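User: I would like to work through this structure by question and answer. Please keep each answer short and reasoned.

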Amino acid sequence: MLRIFRLILLICLFYGAGSFGEDIASGDTVITLNVSPDKIKVGTFYNGSSVRISADIPVCDGAVLVMEAGKEEIKLNRKGRVAGIWLNVAKVTVRNVPTVYLLAASDKLENICSPDRRRELRLGSEYLQNQIQFVSDKPLTGLEFEEFLKLKTDNGTYKMDIAINLEMTEPAKMRLSTALPIAPTIPPGTYHIMLYCFAGGNPIARGTSQLTVESTGLARLMVNLAENNAAVYGILAIAVSMVVGIMMGVIFNWLRG
Amino acid sequence: MPCLYIHLPIANASVHILLLLGLGLSVGFLSGIFGVGGGFLLTPLLMMIGISPTVAAASDANQIVAATTSGTFAHWRLGNVDFKMGLILVAGGIVGGTLGVQIVRFLRATGDANAVIKITYVIMLGIVGSYMFQDGLRNLRRRPLPVKGVQHRKKSWFAVCCDALPFSTRFERSGIDISIFVPITLGILVGMLSALLGVGGGFIMVPVMVYMLRMPMHIVVGTNLFQEVFTCINVTFMQSYYNHTVDFLLAMFLLLGSTTGAQLGAGISNRMKSEQLKIILALIVLAVMVEILFEILLPGSTLLSFQGGA
């Protein structure tokens, strides 16, 4: 009877651990991440921010941290040369695009783990290339992925060259620190942060955390009004512009005497 | 200093406050001098500082409402607005604008809108700018003719056609007699072109009034500002309602600069000769034409771009 009870308990524990995700099931060490700040408020005078992340990790060959969110579909124009003129020649729809993708690493990714492992753990351009799909009304050129990365990097929503600093603190422990630049173009939302520590190309420790970006004050009010009461927003925008225009006229006339 | 940056919630970008005020001031100044809304200048400038094209165009229209209201107010006090002509042009412009929007929808469906718009821009700006520059320069160099040498100028084919049209109307403020069909037709044509090019249309309307309707330059400036107020009110409302692309905060900072600039410009315009105004405006028009020409001749940093901005 006791054996049966133990067997049932073991089965329950196995499935219970599985439900908490790959981290515990694989038996890796779970790391606690310190994210500061863990909430960014986008107000009127917001000009981007920086998030400092630190953690105590076991001794490893390298560490990779990624911040990612959402999957969206983006519509793009592709330029081409027609009779010497650069014009939009095709519409390209990009599917399964992470809205934001920031990657920090202690070394080059190829020195830390294999391409298969990178794809599996959603790390770097191999993962993105595998994930993102391009659909166009014209034949694809094969340059779309490279150009898309350039576009998102210029836009500030993708960055894959952020450094991680690793420091020995104890014989079996290291201190990890990095700073993620949060560009002003990164939209409000909840972003998932994943940290992997590797030894011999395999993950030996993992940690997760979250970062929330939310608009507040006037910015939030404006976005809500523009999206939910567009007619009122439009009339207000016109009325205020006209009043300011007339007021400026009156002020200048008064100044001229 | 981070506090000098402002976050634009609809544009989803942060921009230095002084940069926005400076852009508004410069374009408003030109608006006050030449009686143009400045959309054809400010929209490309906003795109250059990272604002998406749709938000730039829509917010620009919003700020032009203030700049043109301010400019119209200033020119009205100086007696430079022909309200009768302005209202007829507005009526034509609304009809033309509605037709133009349908043309743009058709071109978008076929995928040729961007090409057509840019090439039309270059051709229009090239013709208008070159003609104005040549004419301004010729008038500036011309010596006053002795009284006995003055002869009646031969009427152009356009003037002959206009005289043959019915419903001739006196436009007291402009000092011209012309058939009502002429400003209505011109309003429709300019309205269509404005919808196609996505601007207020002042840079087209000003030369049309000067060269085709033969209106005095200072009346042209005030009357054009008057008609642009209505065009931009229409655009602002439509963009807010259908596309949610008007960034009111961006428009506010731009208009603080532009209304100040418009007042300064209007004050200076009355002290400048018409020929000088024409030459300066022609040079600005040609500079914008060259900028667009470069845009279509050079590939840019990436071959992909967001449809309607990021």
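User: In what order do the 4 strands of the open sheet that includes β5(B) stand?
Analyst: This is a predicted model, in which local features need pLDDT of at least 70, side-chain atom pairs count only at pLDDT 80 or more, and totals for chains, interfaces and linings use all residues. Residues are numbered from 1 along each chain as its sequence is written, with chains lettered from A and ligands numbered from 1 in the order in which they are written. Strands (E, at least two residues) and helices (H or I, at least four) are DSSP runs numbered from the N terminus, and two strands pair if DSSP finds at least two bridges between them. The pairing in this open sheet is antiparallel, and the order is β9(A)-β7(A)-β6(A)-β5(B).

User: Why is one side of β9 of chain A left without a neighbour in the sheet?
Analyst: β9 (133-136) of chain A stands at an edge, as does β5 of chain B. One side of β9 is left without a neighbour because this strand has a single partner strand.

User: How many bridges join β6(A) to β5(B)?
Analyst: Strand β6 covers residues 72-82 of chain A and runs antiparallel to β5(B). One bridge partner pair is A:Arg78 with B:Leu304. The number of bridges joining β6(A) to β5(B) is 3.

User: Which residue of β7(A) stands opposite A:Arg81?
Analyst: β6(A) is joined by 10 bridges to β7 (residues 85-97) of chain A, and the two run antiparallel. Opposite A:Arg81 in β7(A) stands A:Trp86.

User: Which helix packs on this sheet?
Analyst: The helix touches β7 and β9 of chain A together with β5 of chain B. Contact is counted between residues whose C-beta atoms, placed from the backbone, lie within 7 Å. The helix direction makes about 50 degrees with that of β5(B), where axes are lines fitted to C-alpha atoms, for helices over the stretch in contact, and angles run from 0 to 180 degrees between N-to-C directions. Covering residues 144-155 of chain A, the helix is α6.

User: Which element gives the largest share of the side of chain B that touches chain A?
Analyst: The contact involves 50 residues of chain B and 50 residues of chain A. On the chain B side, 29 residues are nonpolar, 20 polar and 1 charged; Ala, Val, Leu, Ile, Met, Phe, Trp, Tyr, Cys and Pro count as nonpolar, Asp, Glu, Lys and Arg as charged, and the others, Gly among them, as polar. Elements that each supply at least two residues include α5 (113-141) and α9 (217-243) of chain B. The largest share, 10 residues, comes from α3(B).

User: Is α8(A) roughly parallel or roughly antiparallel to α10(B)?
Analyst: The axes of α8 (residues 230-256) of chain A and α10(B) come within 10 Å and cross at roughly 25 degrees. Angles under 35 degrees count as roughly parallel, over 145 as roughly antiparallel, 65 to 115 as roughly perpendicular and the rest as oblique. The crossing angle therefore makes α8(A) and α10(B) roughly parallel.

User: How many residues of the contact of α8(A) with α10(B) are nonpolar?
Analyst: Residues making the contact include A:Val244 and A:Phe252 of α8(A), and B:Phe248 and B:Leu255 of α10(B). The contact has 6 polar residues and no charged ones. The nonpolar residues number 7.

Methods. Contact = placed C-beta atoms within 7 Å.
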